[in-house]
Amino acid sequence: MRKTISTSRKYGSMTKVRLLRETMKIAENHINVSKVRLHDEVPDTLPSIYGNKQGLQQVFLNLITNAVQAMPNGGDLTVRAAVETDRIIVEVQDTGTGISRDHLPHIFDPFFTTKDVGKGTGLGLSVSYGVIKKHGGRISVDSKVGKGTVFRVALPVRDTNQQIFSEEVSVGGALANRR
């Protein structure tokens, strides 16, 4: 039996710069103890977007955490952002282990993980994909084994007069047809 629970999340106008900087601050201790060098390439002049702050922060925290975990001996983590036409593009790039070609088609699937048992649930990227899709955006990845990975998130620039979103959480239902 499939149940759907509708929850109203707080959506509003937010500055992407502030959201990204707050997320990097949350991850700062994890980054530092992992001997990862953070490169903040987020300009101070990005336009505001309309969305769910907690959901988007969860996405970027997940991407940053995964990047740090992909660099067990330290490395470089770059968070950059830019505007392309009517979208804000955010890239999270690491110099970590990379993702094999065999795994790339599955990384957004629920419960898919390459981490050891107890180290990951395989839900982070799946949930991130759903959050970005609900915001009318896209998430993609480019990775080379031994060189690193770049996740690219494209989100539409919206103003506060556009529709207010509501989020549906499916309990016991499949996440099929999400691509």
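This is a short tour of a predicted model, stop by stop. Residues are numbered from 1 along each chain as its sequence is written, and side-chain values use heavy atoms, with hydrogens and water left out. As the model is predicted, local features need pLDDT of at least 70 and side-chain atom pairs count only at pLDDT 80 or more, while totals for chains, interfaces and linings use all residues.

**The sheet**

Select strands 3, 5, 6, 8 and 7, in that order. Strands here are DSSP runs of E with at least two residues, helices are runs of H or I with at least four, and both are numbered from the N terminus. These 5 strands form an open sheet with mixed pairing; two strands pair if DSSP finds at least two bridges between them. Strand 3 (36–41) and strand 7 (138–144) each have a single partner strand, so one side of each has no neighbour in the sheet. On average, neighbouring strands are turned by 15° against each other, direction ignored.

**Helix 1**

Now select residues 16–33. Helix 1 packs on the sheet and touches strands 3, 5, 6 and 8; contact means heavy atoms within 4.5 Å. The direction of helix 1 makes about 175° with that of strand 3. Axes are lines fitted to C-alpha atoms, for helices over the stretch in contact, and angles run from 0 to 180 degrees between N-to-C directions.

**Strand 6 and its partners**

Go to residues 87–94. In strand 6, 7 of the 8 residues are buried (under 20% relative accessible area; exposed is over 50%, partly exposed in between, with a 1.4 Å probe and protein chains only). Strand 6 pairs antiparallel with strand 5 (residues 75–84) over 8 bridges, and 8 bridges also join strand 6 to strand 8 (residues 148–156), again antiparallel. Pick Gln93: its bridge partner in strand 5 is Thr78, and Val150 in strand 8 stands opposite Gln93. From Val150, step across to Asp142, its bridge partner; strands 7 and 8 pair antiparallel over 7 bridges.

Which residue takes a positive phi in the hairpin of strand 5 and strand 6? Thr85 does, near 55°, and the hairpin has 2 residues between the strands.

**Helix 2 and the loop after it**

Select residues 53–69. The buried residues of helix 2 include Leu56, Phe60, Leu63 and Ala67. An α-helix has 3.6 residues a turn, so residues three or four places apart point the same way.

Last, select Asn73, in the loop between helix 2 and strand 5. Asn73 counts as exposed because its relative accessibility is 75%. Ser34 is 39 residues away in sequence, yet the C-alpha atoms of Asn73 and Ser34 are 7.4 Å apart.
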